[in-house]
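Here are my notes on the model you asked me to look over, set out as numbered points. They begin with the term on which the first of them depends.

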Amino acid sequence: MSNPFPGFWGNERVARILFRALQGGTLAHTLLFTGPAGCGKKTLARKVAERLFCPDLCGKCRNCALLKRGSHPDFLMLGPEANFVRLEQARRLQSFLTVPANSAPYKVAVLEDAHRLTPEAGNSLLKILEEPRERTVCILTADNVDNVLPTLVSRSQVYNLAPLPPDELKEILVAKGAQQAQAEFLAAFSGGIPGKALALLADSAFSQQRENFARDISAVLARRRDPLEVAEAWHSQPQLFLDLLDLWLRDMLMLQTRQDYRPANIERADSLAECNAVCPVDKVLFLLEESVLARERLQALCNSRLVFDSLLLKMWEV
Ligand SMILES: [Zn+2]
């Protein structure tokens, strides 16, 4: 069967189950989509609304047109404000679902990040969901089902979206215009999260940052450049640097220990070889541990410049 929700990528099994419920009329009034940020929960919620509003996805009717434009009066998407979903938003959702549909066959409300509901908002939402109106669908999203009020979970049909296997995500990225090697890197770097990979593919600054990173890391490991200068250049983007570093070190390690390994950074194979020439396995392992420590220190709100000075100096050491 072709993709029942065109534009939603991956998690085909979940998509098929959901589509069957939709077609068979067994879709619950409350759905809960769970999974890490960027895995497609919001996209899927929109796609469900599209199917409910126009089962054939004709693309021409009023419902299709208004949804596409983001101005359909029977579709509402709400998210947390200042980190919490508050009572006010739960009430907005309630009044939205109470008024009959305008032109669509259903009313669909999406509430993002249901794990951020305040207790009052959660209770208020629960009351709405306990006695749902006919032809209304409320879609909740959350990072993890364990973080959602159990009473909400028990009233929902739960669909869990997982990160995509690297090959599957690679294909999607290539279809979106990525080069093979770039797609391989992004699939690995994003941890299989399509939202993250696609955002990086569209980010023109990112490939330059990767270039700079490869240049800087090779220069420090080969003791060709002052590590403190590199720390100065990168400490304001600690997350990006550490994410690039982890994958880089993993490539170095695997290249030294496995014959047939194809590195995620295949486009920069020369720089990887240069690094491996001056960095034996035990130092790579040591640096991987240091990278973990650096993350812990940043989480403990240590000064990022100091954390980076210390990390980069360790790379420079023999
Ligand atoms: Zn239509």
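1. Two strands are taken to pair if DSSP finds at least two bridges between them, and the elements themselves are DSSP runs numbered from the N terminus, helices being H or I runs of at least four residues and strands E runs of at least two. With those terms in hand, the chain has an open sheet of five strands in the order 2-3-4-1-5, with parallel pairing. Strand 2 (75–78) and strand 5 (157–160) stand at the edges and have a single partner strand each, so one side of each lacks a neighbour in the sheet. On average, neighbouring strands of this sheet are turned by 15° against each other, direction ignored, where the axes are lines fitted to C-alpha atoms (for helices over the stretch in contact) and angles between N-to-C directions run from 0 to 180 degrees.

2. On the basis of the note: this is a predicted model, in which local features need pLDDT of at least 70 and side-chain atom pairs count only at pLDDT 80 or more, while totals for chains, interfaces and linings use all residues. Residues are numbered from 1 along each chain as its sequence is written, and side-chain values use heavy atoms, with hydrogens and water left out.

3. On the overall picture, the chain holds 15 helices and five strands, and its C-alpha trace spans about 70 × 40 × 30 Å along the principal axes. Of its 318 residues, 47% count as buried, a term that here means under 20% relative accessible area, with exposed being over 50% and partly exposed lying in between (1.4 Å probe, protein chains only). Contact means heavy atoms within 4.5 Å, and among the contacts with a separation of 6 or more, 71% are made by residues 24 or more positions apart.

4. Strand 1 deserves a closer look, since five of its five residues are buried. Both of its faces are covered, with T30, L32 and T34 on one side and L31 and F33 on the other. Strand 1 runs parallel to strand 4, to which five bridges join it, and L32 has L140 as its bridge partner there. The pairing of strand 1 with strand 5 is also parallel, over four bridges, and here L31 is partnered by Q157. Strand 3 (residues 107–111) and strand 4 (residues 136–142) likewise pair in the parallel sense over five bridges, with V108 standing opposite V137.

5. T34 lies in strand 1 (residues 30–34) and counts as buried because its relative accessibility is 2%. Neighbours within four places in sequence aside, T34 is in contact with residues including K41, A142, D143, V158 and N160.

6. Which residues coordinate the zinc ion? The donors are C54, C58, C61 and C64, each through SG, at 2.3 to 2.4 Å, and their spacing in sequence is C-x3-C-x2-C-x2-C. Donors are N, O and S atoms within 2.8 Å of the metal (3.2 Å for Na, K and Ca), and sites may look incomplete because water is not among the atoms. The four donor atoms subtend angles of 102 to 118° around the zinc ion, and the arrangement is therefore tetrahedral, a label that requires all angles of four donors to lie between 85 and 135 degrees. C54 counts as buried because its relative accessibility is 9%, whereas C58, at 37%, counts as partly exposed.

7. A nonpolar core is a set of buried Ala, Val, Leu, Ile, Met, Phe, Trp, Tyr and Cys residues joined through side-chain atoms within 4.5 Å. The largest has 45 residues, of which L173, F241, L245, M252, F308, L312 and M315 touch the most other members. Helix 12 (residues 238–257) contributes the largest share of this core, 10 residues. Apart from it lies another core, of 28 residues, with F8, V14, L31 and C39 among them.

8. Two residues other than glycine have a positive phi and merit a check. N11, with phi of about 45°, lies in the segment before helix 1 (12–24) and is buried at 12% relative accessibility. L57, with phi near 50°, is in the loop between helix 2 (41–53) and helix 3 (62–69) and is partly exposed, at 25% relative accessible area.

Technical notes
Four donors count as tetrahedral if all angles lie between 85 and 135 degrees; four count as square planar and six as octahedral if opposite donors are over 155 degrees apart and all others between 65 and 115; anything else is irregular.
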